[in-house]
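Hi there,

Here is the structure I promised to pass on. Have a look at it first, and then read my notes below.

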Amino acid sequence: MILILLGAPGVGKGTQGVLISKEYGIPQISTGDILRKEVREETELGKKAKVYMDKGELVPDEVIIGMMENRIKDDDCKNGFILDGFPRTVAQAEAFDGMLKKNRLELDKVLLIDVPEEEIVDRLTGRRVCPNCGAVYHIKNNPPKNDNLCDKCGSKLIQRDDDKEDTVRNRLEVYKKSTMPLIDYYTKTGKLIKINGVGSIDEIFSRVKEVLG
Ligand code: AP5
Ligand code: ZN
């Protein structure tokens, strides 16, 4: 199964992606996670990407497309994969169509997760992440069992640099301008399914499973 998770920053693409990955046994590929790893390791790509990410702007298409071309060829992708955060521009979507064709693969579904803007701001400013294992929490909606410590590995949780309110607002503007055109793009393929992203994490996962069968 090849799946795209589409939606504004903070609608729960990563949260649902982890659950879908476990349930269906296919990897979740998050371009944001890949880029943050490059930033932490201070690679050339990471240094270049950081400048854009800190401002809430998109990293240039050619960087992302090259990165994804390599990733979907990995062994763990042979039974399918879930894309979280890619494609994010029409140019990326066109390039992804080319990758599918070249590798004789077919896209199954595009899930568009929908959440009102004010709830998004609350979700992102309240998000805390584990710098060690990548687990994602929310100070109110999904808090860790021990104050500010990761349930899985015990590390101290941090706030992502781009989750400050000003940067969040800019990310939402960038989404509207550069990524929203993909709703039209994938509606035309007949593969886009809209999912109401308001409710508990489990409720939304039930909606996702209903759609995926
Ligand atoms: P990326 O990491 O992809 O960020 P994003 O799209 O902004 O998405 P988020 O990770 O912020 O949100 P999410 O939808 O995964 O929500 P989550 O599940 O964490 O990208 C970061 C940057 O990298 C970009 O700005 C750009 O610079 C660059 N980049 C990445 N991909 C790129 C590309 N293709 N092209 C160019 N540049 C690219 O949930 C959010 C919070 O809400 C959490 O705290 C969670 O616990 C909570 N939550 C989740 N579900 C619920 C629920 N049902 N109810 C209440 N709270 C919930
Ligand atoms: Zn952890």
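Let me begin with the metal site. The zinc ion (ligand 2) sits in a tetrahedral site, with angles of 98 to 122 degrees among its 4 donor atoms. Please keep in mind that this is a predicted model. For comparison, the ideal angle for four tetrahedral donors is 109.5 degrees.

Which residues supply the protein donors of the zinc ion (ligand 2)? They are Cys 130, Cys 133, Cys 150 and Cys 153, each through SG, lying 2.3 Å from the metal. Along the sequence, these donor residues follow the spacing C-x2-C-x16-C-x2-C. Distant parts of the chain are linked in this way: Cys 130 belongs to the loop between β5 (127-129) and β6 (136-138), while Cys 150, 20 residues apart from Cys 130, belongs to the loop between β6 and α7 (165-179).

Helix α7 also takes part in a helix pair. Its axis and that of helix α6 (residues 117-125) come within 10 Å and cross at roughly 135 degrees, which makes α6 oblique to α7. The crossing of these two helices is right-handed. On the α6 side the contact uses Glu 117, Glu 118, Ile 120, Val 121, Leu 124 and Thr 125, and these meet Glu 165, Val 168, Arg 169, Arg 171, Leu 172 and Lys 176 of α7. Sorted by class, this contact has 5 nonpolar, 1 polar and 6 charged residues.

Next, the pair α1 and α9. Helix α1 (residues 13-24) packs on helix α9 (residues 201-212) at an angle of about 50 degrees, with the axes 10 Å apart. The two are therefore oblique to each other, and α1 passes α9 in a right-handed crossing. From α1, the contact draws on Thr 15, Gln 16, Leu 19, Ile 20, Glu 23 and Tyr 24; from α9, on Ile 201, Ile 204, Phe 205, Val 208, Lys 209 and Leu 212. The class count for α1 with α9 is 8 nonpolar, 2 polar and 2 charged residues.

Finally, α4 and α5. The axes of helix α4 (residues 61-71) and helix α5 (residues 90-102) come within 10 Å and cross at roughly 25 degrees. Angles under 35 degrees count as roughly parallel, so α4 and α5 are roughly parallel to each other. Here, too, the crossing is right-handed. Asp 61, Ile 64, Ile 65, Met 68 and Glu 69 of α4 touch Ala 91, Gln 92, Ala 95 and Met 99 of α5. That contact has 6 nonpolar, 1 polar and 2 charged residues.

Best wishes

How values were computed
Residues numbered from 1 in each chain as written. Chains lettered and ligands numbered in written order. Predicted model: local features only at pLDDT ≥ 70, side-chain atom pairs only at ≥ 80, totals over all residues. Heavy atoms only, no water. Axes fitted to C-alpha atoms, helices over the stretch in contact; angles between N-to-C directions. Helix = DSSP H or I, 4+ residues; strand = E, 2+ residues; numbered from the N terminus. Parallel < 35°, antiparallel > 145°, perpendicular 65-115°, else oblique. Left-handed = near helix turned anticlockwise from the far one by under 90°. Contact = heavy atoms within 4.5 Å. Nonpolar A, V, L, I, M, F, W, Y, C, P; charged D, E, K, R; others polar. Donors = N, O, S within 2.8 Å, 3.2 Å for Na, K, Ca; no water. Tetrahedral: all angles 85-135°; square planar, octahedral: opposite > 155°, others 65-115°.
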